[in-house]
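Visitor: Hi! I have a new structure to look at and could use some company. Could you walk me through it?
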Amino acid sequence: MTHPDQTNPLLDFSGLPRFDDIRPEHVAPAIRSLLTEYGALIERLTADAAPPTWDGFIVPMFETGERLGRAWGIVGHLHGVLDIAPWREAYNAMLPEVAGFYAELGQNIALFQKYKALAAGPEYATLNPVRRRIIDREIRDFRLSGAELPEESKPRFKAIQEELSMLGAKFSENLLDATNAHAEWITDEAGLAGIPPPARAAARAAAEKDGKSGWKFTLHQPSWLPVMQYADDRALRARMYRANATRASEFADAHGDTKWDNGPLIGRILALRFEEATLLDYRNYAEVSLVPKMADSPAQALDFLRELGAKAKPFAERDLAELKTFAREELGLDPLEPWDIAWASEKLRVSRYAYSEQELRQYFPEPHVLDGLFRVIRQLYGVEIAADEAPGWNEDVRFFRIEKNGELVGQFYLDLYARDTKRGGAWMDSARSRSKNDNVITTPVAWLVCNFPGPVDGKPATFTHDDVLTLFHETGHGLHHLLTRADELAVSGINGVEWDAVELPSQFMENFCWEWDVLSMMTAHVDTGEPLPRDLFDKMIAARNFQSGMQTVRQIEFSLFDLLLHGNADASGDVPIEHVLALLDEVRREVAVLFPPAWHRFPHSFSHIFAGGYAAGYYSYKWAEVLSADAFAAFEEAAQAGADTRRSLLDPVTGERFWREILAVGSSRPAIESFIAFRGRAPSVDALLRHSGMTGARNDSISQ
């Protein structure tokens with residue numbers, strides 16, 4: 001649908017976003033126009049005395065809400081990938097109005113009564129189960145949005161939502177600004193000892209971009225990680241470690257500035273979330289967060305984490321003991337400091353498995369990786385992926401289309417490289433959801449965003465195996481959104497999927513990155529073109545579970561910290577950052593084997609829970625790992641069962657079933673039902689423990 005004001009590109013919904021035309025000055029008039037349109041519709045629908053119906057009430061509500069969501073989604077997306085002053089200002093100027101509108105929408109008692117009347121009316125029984133589920137979920141969300149609060153409490157609830165939105169945006173901005181503020185300049189080439197040539201070349205290019213000689217290393221992951229993992233200069237590693245560990249904290253940066261301190265924001269965010277929970281008559285925010293998730297309660301999620309942690313900790317202790325012994329006897333490091341961990345671990349990996357990540361990286365040039373990724377998707381699901389044309393937000397952004405039997409299924413943008421104006425990490429989000437109206441299907445569109453090092457010196461970008469895992473992960477999210485067959489906006493793609501199940505398709509895709517049949521067809525040495533040697537692959541597989549115990553307890557540490565922090569039943573008033581840090585120390589004493597310095601400020605950069613959607617939900621990563629490993633085991637079983645008929649892990653029969661039962665259905669049914677429909681039973685932790693090299697545990701099912 002095209003909005004009447006076609007002069008504003010944000011109001012043109014006839015096709016793809018017009019990134020070549022959209023400017024910051026378009027934001028306020030477009031968003032205010034859509035807010036007005038949506039508000040007028042709500043007034044008309046709530047004033048209508050006739051009983052609400054699906055076509056007369058639900059459809060216009062969702063279609064109008066989708067237009068606002070698409071336009072504001074573009075603005076939020078540009079704030080993340082093009083965080084320059086004009087876009088930051090345009091986003092922040094409208095954020096309070098948008099947050100306030102949605103807060104009022106969730107508390108609109110007349111609208112809430114319409115939904116309840118529809119659920120109690122005669123039409124409800126005639127609707128299909130998906131539409132009934134949508135209505136029921138809307139009623140649940142109204143309750144979580146404060147619709148049943150006393151009128152005198154609603155203004156405060158609305159103010160909380162608005163302030164939380166602003167604080168989350170400020171948290172991200174502080175983190176990005178603090179990350180950009182620090183740089184290490186190397187002028188003597190001797191200081192680069194150990195750092196791989198691609199990282200050196202990128203650092204040289206960064207310095208030249210600033211008009212300086214030498215090499216510039218920053219706290220952005222593609223620059224920071226090679227220093228920590230390979231730089232022989234221990235003092236350089238120590239400086240970079242401390243700069244990264246104290247980002248956006250009370251510790252002054254190189255310029256003596258603490259204006260980006262996220263500590264006060266953390267305390268305020270926690271207080272507001274607790275107040276929101278108490279207004280809704282919950283004991284803490286964790287209980288609120290888990291209402292729409294798979295886990296039944298915070299206690300169930302905590303039990304899951306602690307049980308997994310108890311199984312993993314002995315392996316983590318063994319990993320650390322081996323590392324300390326190697327560092328002392330082979331590297332002369334005693335004690336082993338935190339800034340030595342990554343460097344010594346890489347030395348141990350090379351010593352034990354006779355290969356390095358950088359050696360492996362040369363076999364993953366970007367064109368071959370993408371070709372291999374698309375080949376996996378094609379073989380699993382019988383679709384074709386081809387380059388397409390659309391304006392983007394940066395010259396490096398590419399655009400692709402997915403087709404099945406010649407018909408368009410969906411399209412996606414791919415933005416792979418790190419930039420100073422781009423927030424860190426990797427993510428996928430919806431640009432447009434699939435829907436069906438008058439038998440006309442609107443196909444879905446997504447953007448996939450990563451932060452990999454780009455091409456240097458005329459060569460294609462090369463990826464580490466971890467980068468390849470990340471790319472497959474985000475593509476898994478994208479496929480969840482793009483391969484949906486659900487026609488209702490509210491349940492198509494990733495819309496409405498339980499937060500602790502949404503990582504299933506993404507983590508599932510990572511498994512293929514460990515398979516010879518996959519890697520052998522997506523590798524070619526960047527200089528010679530030779531495919532990945534089988535002996536190097538075998539070394540990589542032998543090293544797959546290298547320090548998996550340490551990695552597992554680290555994720556459990558973050559997850560427990562998040563759940564316990566938001567499970568506080570007495571967080572009235574801004575929470576002192578000292579209390580937050582004390583809780584983190586307590587969690588570490590329970591599950592961790594590595595203990596950072598007292599000045600480490602991990603919470604200040606934990607944007608997942610303070611600026612993303614993972615508050616009291618970070619456990620989702622481990623929960624979904626169980627689901628994804630078990631789902632992948634179905635492909636392993638199919639390959640074993642079909643050995644005589646040359647079936648492989650890329651089995652299209654199992655792939656079609658995974659598409660049909662998991663990817664296609666979106667949130668049209670509970671995630672646990674989708675999993676059981678695919679697997680034939682409840683999920684088990686066995687496959688995860690096996691894939692992680694932590695065997696010997698009993699078969700535990702996740703019951704719902």
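Guide: Happy to! A word on labels to begin: helices (H or I, at least four residues) and strands (E, at least two) are DSSP runs, numbered from the N terminus. Also keep in mind that this is a predicted model.

Visitor: Okay. Where is Pro335 found?
Guide: Look in the loop between α12 (298–330) and α13 (341–353).

Visitor: And is the peptide bond from Asp334 to Pro335 cis or trans?
Guide: That bond is cis, and its omega is near 10 degrees.

Visitor: Let's switch to strands. How do β4 and β5 pair?
Guide: They run in the antiparallel sense, with seven bridges. One example is Arg401, whose bridge partner in β5 is Gln411. The two strands form a hairpin with two residues between them.

Visitor: Which residue in that turn has a positive phi?
Guide: Asn405 does, at about 55 degrees, although Asn405 is not a glycine. You'll find Asn405 in the loop between β4 (398–404) and β5 (407–417).

Visitor: Is Asn405 buried or exposed?
Guide: Exposed: Asn405 has 72% relative accessibility, and the cut-off for exposed is over 50%.

Visitor: What about Asn439, what is its phi?
Guide: Asn439 also isn't a glycine, and its phi is positive, about 65 degrees. Asn439 sits in the loop between β7 (435–437) and β8 (440–442). With a relative accessible area of 67%, Asn439 is exposed.

Visitor: Back to β4 for a second. How many bridges link β3 and β4?
Guide: Four, and the pairing is antiparallel. Strand β3 covers residues 384–387. In this pairing, Ile385 stands opposite Ile402 in β4.

Visitor: New topic: cysteines! How many disulfides does the structure hold?
Guide: Zero.

Visitor: Why is there no bond between Cys450 and Cys513?
Guide: Because their sulfurs are too far apart: the closest cysteine sulfur to that of Cys450 is in Cys513, and the distance is 12 Å. A disulfide needs the two sulfur atoms within 2.5 Å. From the other side, the nearest cysteine sulfur to Cys513 is that of Cys450, 12 Å away, and Cys513 is in no disulfide.

Visitor: Is Cys450 buried or exposed?
Guide: Cys450 is buried, at 0% relative accessibility.

Visitor: And Cys513, buried or exposed?
Guide: Cys513 is buried, with a relative accessible area of 0%. For reference, buried means under 20%.

Key:
Residues are numbered from 1 along each chain as its sequence is written. This is a predicted model: local features need pLDDT of at least 70, side-chain atom pairs count only at pLDDT 80 or more; totals for chains, interfaces and linings use all residues. Side-chain values use heavy atoms; hydrogens and water are left out. Buried means under 20% relative accessible area, exposed over 50%, partly exposed in between (1.4 Å probe, protein chains only). Two strands pair if DSSP finds at least two bridges between them.
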